[in-house]
Structures are given as structure tokens and as C-alpha cells.
Amino acid sequence: MKKNLVFIIPSLEAGGAEKSLVNLLNTLDYQRYAVDLVVLKSGGVFSDLVPKAVNRLELNVDFQHFSRGLLPSCLHFLSRLQFRFLYHRFAFFVTSRWAKNEAVAEQQNWRHMRPFIQTLPKRYDAAIGFLEKTSNYFAVDCVNAAVKIGWIHTTYSNSGMESKRDVPYFESMKAVIGVSPECVADLQVNFPQLKEKFQLIYNIVSPTLIRQLAGQECPDLHYFEKPVTLLTIARLSPEKGIDIAVDAARILAAKGIDFTWLILGEGHERAALTQQIIDHQLQNHIFLAGVRVNPYPYVQRATLYVQPSRYEGKSMAIEEAKILHKPVVVTHFSSALDQIEPEITGFIANQEAGHLAATIERLIVNDFLQKQVVGHLQNLALGTEAEIQKLYQLIDSYE
């Protein structure tokens, strides 16, 4: 008899956690498990990649009205004299605007979102919150399940979250998953009393699938007309360090290097980054090209892959670039050494534009160094599909 699982994630928009979930769902054994999926926000670039075997759950009508814009949502609840819902919907709006950062706002806002969500009617063998904060809280508060598992896709100390809000939720879970050894160690430092709860499961990456997708047509060949194309795949948000990349591009351009730096991703920093590009007169060098559902043909054609992040949990984009045998330059975020062996599988620069530019320039002018890294990558076994067995063990452990 199949076991019943439910996964929860806020959206399937472009992002490492979202891509990781899609990879996991495409790896699961559906002979053993019946899988439901809760996505709090409909749509998303990865939505069509969810296997057909997965049953997507629609949440109750009250939550659907809550998810509308502030004015239509409040008018709906007011017209029905649902003053409790009206209060929580307005409080959600206020908290989103006034909390000290986005992470804390999401943590605080769970108390205002929870009243709109009915507990799922089905009993599950396992409920898996696949992203920090709301997904984990939903798994604990809104699902009746024998096993509850949480996921943290970032380094907790750098996330801005308040640990006191997570303690009761982590206590209610069988395990909380970190995606790199550094992430797990950091969780153990922040929650020493729950040290045994934290376990490592690497993001699932399939070399076969990535190479297959990389072979598809690239619709934007004009980005690859210059001698050098740098590629970054990231949200346009502060932790991803795109502003550092723009400053590094300014230094490279001033040295007369002919390059294109293509950035695939979206985010709330687009306007500020666009202005930064204009201020440095880099419109012919650096392009904010938006999200691509299949970024792998771009990785395949790039000269170098660059990840200028201020912090990461474990970057899937880096692992995927390595699978496609692409020389990688990363900044020295806390988990960089979990993914890059310096001078062997890639290069680590300081988190400042001058050193990042110098590291990129070193690779651009040294074709032998590029080929040396490619040779090392070609000899590595980089797939992580076997990580799914760790999840199976957690799900089955309550028997």
C-alpha cells in the first residue's frame, strides 16, 4: 500500500529551493508513495515541470480571498461581516510593511495567515515543509501527519530570521533538513538544544536531465556573439550580490575586455541594478535578461559561470554549471568551500568587486587554466539522485 506524502512550498517561481523540489518530485518513487502538493501561490515558471503523478491541492476559499490584493480582500471580508478575517488581512499588510526585514515579516505574518487556512482533511504518513518559515509552519499547524519534516535552504545565521519563532516548530518535527554541511552546522549552533534534529540532504541534481535540457535550442544567441560571455543565474536581491557583479563588470570594461555578462533572474532590485548599469555605462556589457525556465543552454554556451553571492545555503546553479563542465567563479560566501575546491573545480574570490574582476580576468586570459578546470570536472561524478534515499528513510522511520 502506498504511503501518503504532502509537500508544501510558497510558490514555484524561479529559485533554488523551487528547482530543488521539482527535481525531488521527478526523482520520487511513485510506486511507493502517493504525493500531494500545496503551493500557496499559483503559477510559477517551474509549475509545468511538476510530474503528472503529483496531485496539486487547492486550498479553501477563505485563503483564496486572503491571497487577493489588500483592497478586494478586505472588501470581501467586510461585506460578509467577517471582522476577524478583516483584522488579520489588514494586520498581514501592516506587518509586511513595518517588520525589520522580509524574513521576520514572513515569520510574524504566519499568525495572520493561519486563520485563513483550514487543516488539510487527509491524514498523511509524512508532511514536508520544503522551505524555511511558512512552509514549515504549515506542515506543523495545518497537516495531520505521522512524520513532519522541515527544510532550511539557507545559512540560518545570515537569513535575518528570529530563532525564537522557529523553536516550537522545530521541536514538533522529526527532522529539519539542511542542504549543506555548513547549513547543518550553523543550525546546530543556533539551536543547540535541538542538535539531533538537524540532518543533511543535498539538493537533488540529475546530470542526465541537465545535459538533456542543455542540448535544447537557445533562443538568445545574440548574447553569445562577443569573445567572452559570463553567466549568472540568481534572484535580483541583495544576498545574491548582483551589485558586486556590476561593479566588477565596470572594472573589466575599463581594462578593454570585450565581454557580455548575462544575468538570468528577477527580483525587487531590478530598478536599482538597471540604474547602476546605466551610471557605469555598461548597457553593452551587462544584461538583466529575466527568468528562463530552461537556463541550461545558456550555461552550455557561456565562457564562465559566476556566482557573486554574499551568502548561500548550497547553490544549485553552481552544481549544475559544474555538471556542464563550466569553469566557475564564486565569491567567498560561508558555504563556498562546500562546493568549490579552489583552483581545481573552480575559483573563489573575495566579496568585493576588484578581486572578483581580477579572478575573472585571470581565467579569461588563461585558456590553459580554463581547460585544466574542465578536465577535473569531466572526471567527477556530480549527480546527487541517491540523496532521495535519506528522505525515504525519514518517511519510513516511524513504522
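These exercises work through the chain, its two sheets and one helix pair in a predicted model.

**Exercise 1. Overall dimensions**

Task: State how many helices and strands the chain has, and decide how its radius of gyration stands against the globule rule.

Solution:
- Step 1. The chain holds 17 helices and 13 strands.
- Step 2. The radius of gyration is 22 Å, and the globule rule gives 21 Å for 399 residues.
- Step 3. These values are close, so the chain is as compact as a globular protein of that length.
- Step 4. The C-alpha trace spans about 65 × 45 × 40 Å along its principal axes.

**Exercise 2. The sheet of seven strands**

Task: Give the strand order of the seven-stranded sheet, name its edge strands, and place α6 on the strands.

Solution:
- Step 1. The order is β3-β2-β1-β4-β5-β6-β7 in an open sheet with parallel pairing.
- Step 2. β3 (55-57) and β7 (198-200) are the edge strands, each pairing on one side only.
- Step 3. From one strand to the next, the twist averages 25°.
- Step 4. Within the sheet, β1 (residues 3-9) pairs with β4 (residues 123-129) in the parallel sense over four bridges; I8 has G129 of β4 as its bridge partner.
- Step 5. Helix α6 lies across β1, β2 (33-39), β4 and β5 (144-152), and runs at about 170° to β5.

**Exercise 3. The sheet of six strands**

Task: Find which strands stand at the edges of the six-stranded sheet, and which strands α10 touches.

Solution:
- Step 1. The open sheet is ordered β10-β9-β8-β11-β12-β13, and its pairing is parallel.
- Step 2. β10 (286-290) and β13 (347-349) each have a single partner strand, so one side of each lacks a neighbour in the sheet.
- Step 3. Direction ignored, neighbouring strands are turned by 25° against each other on average.
- Step 4. β8 (residues 228-233) and β11 (residues 304-307) pair in the parallel sense over two bridges, and L230 stands opposite L304 in β11.
- Step 5. Helix α10 (residues 242-254) packs on this sheet and touches β8, β9 (259-264) and β10. The direction of α10 makes about 170° with that of β9.

**Exercise 4. A helix pair**

Task: Describe how α6 and α7 cross and list the residues in their contact.

Solution:
- Step 1. The axes of α6 (residues 134-141) and α7 (residues 163-171) come within 10 Å and cross at roughly 45°.
- Step 2. The two helices are therefore oblique to each other.
- Step 3. Their crossing is left-handed.
- Step 4. α6 contributes N136, Y137, V140 and D141 to the contact, and α7 contributes R165, D166, Y169 and F170.
- Step 5. By class, the contact has four nonpolar, one polar and three charged residues.

Key:
Residues numbered from 1 in each chain as written. Predicted model: local features only at pLDDT ≥ 70, side-chain atom pairs only at ≥ 80, totals over all residues. Heavy atoms only, no water. Axes fitted to C-alpha atoms, helices over the stretch in contact; angles between N-to-C directions. Parallel < 35°, antiparallel > 145°, perpendicular 65-115°, else oblique. Left-handed = near helix turned anticlockwise from the far one by under 90°. Contact = heavy atoms within 4.5 Å. Nonpolar A, V, L, I, M, F, W, Y, C, P; charged D, E, K, R; others polar. Pairing = 2+ DSSP bridges. Rg over C-alpha atoms; globule rule 2.2 N^0.38 Å.
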